[in-house]
Amino acid sequence: MDETEFWELIDATREAAEGDPEEQADLLVDRLLQLDPEMILDFARHFEARYNRAYHWDLWGAAWVLLGGASDDAFDYFRCWLIGQGREAFESALHDPDSLAELLEDFDEEIDGDGEELGYAADEAYEQLTGAVAPDLGIAPAPAEPEGTAIDFENEAVLAELYPKLSARFKG
């Protein structure tokens, strides 16, 4: 599976799920079950590489503003959700985290921002298909600490300066 096929699967399942990340995860498992085990592992490698790539302080700060706080786990699930939003949204957010303010016309706090189940889709499909737990993907693990400069998430003035669009939309 190449990068284009990876993003096509993400886009197709997001559109079919009408933006609901839990439904998207279910649809993704269904789609992955139609592939052979090695293709599922390829998908998992693409997903994990992007998940690790999004481990940045500036993106965590944006998630903090967007979600009204983001613990370690919440940021993990946020990164899965961000991948589920597709290539354009993902790359835009990595380049300019404040662009997340324009990502969704209507942000539903009940479903948006949490894609925990998306992070498990490949493992679930692999296990259903093979009866075995997915092997190590053979890619470098995420760094122990996020990339970039740490941000004081409790400092509203710093967050407002770093994320003016997000702050205007989600703090007011």
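This report describes a buried leucine, a pocket and some salt bridges in a predicted model.

Residues are numbered from 1 along each chain as its sequence is written. Because the model is predicted, local features need pLDDT of at least 70 and side-chain atom pairs count only at pLDDT 80 or more, while totals for chains, interfaces and linings use all residues, and side-chain values use heavy atoms, with hydrogens and water left out.

Leucine 59 belongs to helix H4 (residues 57–67), where helices are DSSP runs of H or I with at least four residues, numbered from the N terminus. With 1% relative accessibility leucine 59 counts as buried, a term that means under 20% relative accessible area, whereas exposed means over 50% and partly exposed lies in between (1.4 Å probe, protein chains only). Phenylalanine 78 stands 19 residues from leucine 59 in sequence, and their C-alpha atoms are 9.7 Å apart.

The structure holds eight salt bridges, each defined as a side-chain nitrogen of Lys or Arg within 4 Å of a carboxyl oxygen of Asp or Glu. Three of them are set out here.

| Salt bridge | Closest N and O atoms |
|---|---|
| Glutamate 38 and arginine 45 | 3.3 Å |
| Arginine 45 and aspartate 42 | 2.9 Å |
| Aspartate 76 and arginine 79 | 2.6 Å |

Arginine 45 and aspartate 42 are separated by about one helical turn because they are three residues apart in helix H3. Arginine 45 is partly exposed, at a relative accessible area of 23%, and glutamate 38 is partly exposed at 43% relative accessibility. In helix H5, aspartate 76 is partly exposed at 21% relative accessibility, whereas arginine 79 is buried at 2%.

Conventions. Helix = DSSP H or I, 4+ residues; strand = E, 2+ residues; numbered from the N terminus. 1 Å grid on protein atoms, 1.4 Å probe; cavity = no way out; pocket = protein on both sides within 12 Å on 5 of 7 lines; lining within 4 Å. Points joined across faces, edges and corners; volume = space filled by probe spheres on them.
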